[in-house]
Amino acid sequence: IYQSVATLLIHGQDFSTESVRKSEVKSESKVNIKQQQQQKKNRGKLKNNNRDLSMVRMKSMFAIGFCFTALMGMFNSIFDGRVVAKLPFTPLSYIQGLSHRNLLGDDTTDCSFIFLYILCTMSIRQNIQKILGLAPSRAATKQAGGFLGPPPPSGKFS
């Protein structure tokens, strides 16, 4: 008698918990389907936003490159052969050709326009992009990595 009562109670509970579990699984699957659909929509939006951002960045890079190239040509014709700065150091031998380009004399501390222009362009370009609002955010830069940054995770091991 004890075994039959225990079996009835156990199987009765199993059937009721099974039906509850099945209904929970059904409701969870409906929620999961909605979440998956929302994730697909979000991925599509993210792809579109990334494509738009890439286009804006490409346009800004071309515009800034064109401006700096035009300025370099104009200033190079104006300052060709003139000493524009006196360096407080002697440049390395492989940089001396650039720092002393088209200058008369043997003083290697004389600085030509092209060397000063390259130094200024390297230091100012990022600030101009930030001022004009064309630079990517720090979060995007960290996420994208860089030339010396860590490679993005691939998820596959081969």
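This report walks through a predicted protein model, from its overall layout down to a few single residues.

First, some ground rules. In this predicted model, local features need pLDDT of at least 70 and side-chain atom pairs count only at pLDDT 80 or more, while totals for chains, interfaces and linings use all residues. Residues are numbered from 1 along each chain as its sequence is written, and side-chain values use heavy atoms, with hydrogens and water left out.

## The layout

The protein has four helices and two strands. Starting at the N terminus, you meet them in the order α-β-α-β-α-α. Both kinds of element are DSSP runs numbered from the N terminus: helices are H or I with at least four residues, strands are E with at least two. Of the 158 residues, 11% count as buried. Here, buried means under 20% relative accessible area, exposed means over 50%, and partly exposed is in between (1.4 Å probe, protein chains only).

## Salt bridges around K86

Where do charged side chains pair up? A salt bridge is a side-chain nitrogen of Lys or Arg within 4 Å of a carboxyl oxygen of Asp or Glu, and by this rule the count comes to two. Here they are:

| Pair | N to O distance |
|---|---|
| K86 and D107 | 2.2 Å |
| K86 and D110 | 3.0 Å |

K86 lies in strand 1 (residues 85–86) and D107 in the loop between helix 2 and strand 2, so the K86–D107 bridge ties together parts that are 21 residues apart in sequence. The K86–D110 bridge also links distant parts of the chain, with K86 in strand 1 and D110 in strand 2, 24 residues apart. Put together, K86, D107 and D110 form a network of salt bridges.

How covered are these three residues? K86 counts as exposed, at 53% relative accessibility. D107 is partly exposed at 32%, and D110 counts as buried at 11%.

## A cavity inside

Rolling a probe the size of a water molecule over the atoms shows where empty space is left. On a 1 Å grid over the protein atoms alone, a cavity is a set of points where a 1.4 Å probe fits but cannot get out, and lining residues have an atom within 4 Å of a point. Searching the whole structure turns up one cavity of 30 Å³ or more. The largest cavity has a volume of about 50 Å³, where grid points are joined across faces, edges and corners and the volume is the space filled by probe spheres set on the points.

Which residues line the largest cavity? They are N76, F79, D80, G81, R101, N102, S112, F113 and I114. The lining divides into three nonpolar, four polar and two charged residues. In this scheme Ala, Val, Leu, Ile, Met, Phe, Trp, Tyr, Cys and Pro are nonpolar, Asp, Glu, Lys and Arg are charged, and the others, Gly among them, are polar.

N102, one of the lining residues, is worth a second look. Most residues other than glycine have a negative phi. N102 has a positive phi of about 60 degrees although it is not a glycine. You can find N102 in the loop between helix 2 (93–99) and strand 2 (110–111), partly exposed with a relative accessible area of 47%.

F113 is another lining residue. Its C-alpha is 9.9 Å from that of S77, with the two positions 36 residues apart in sequence numbering. S77 is found in helix 1 and counts as exposed, at 56% relative accessibility.

## Elsewhere on the protein

M55, M58 and F62 make a nonpolar surface patch of about 310 Å². Such patches join nonpolar side chains (Val, Leu, Ile, Met, Phe, Trp, Tyr) within 5 Å, using residues with over 30% relative accessible area and no salt bridge. F62 sits in helix 1 (residues 2–78) and is exposed, with a relative accessible area of 60%.

Lastly, I118 belongs to helix 3 (residues 113–132) and counts as partly exposed at 31%. The C-alpha atoms of I118 and L98 are separated by 9.7 Å, and the two residues are 20 apart along the chain.

Technical notes
On a 1 Å grid over the protein atoms alone, a cavity is a set of points where a 1.4 Å probe fits but cannot get out, and a pocket is an open set with protein on both sides within 12 Å along at least five of seven lines; lining residues have an atom within 4 Å of a point. Patches are made of residues with over 30% relative accessible area and no salt bridge: like charges are joined within 9 Å, nonpolar side chains (Val, Leu, Ile, Met, Phe, Trp, Tyr) within 5 Å. Accessible areas come from the Shrake-Rupley method with a 1.4 Å probe; for residues, only the protein chains shown count as cover.
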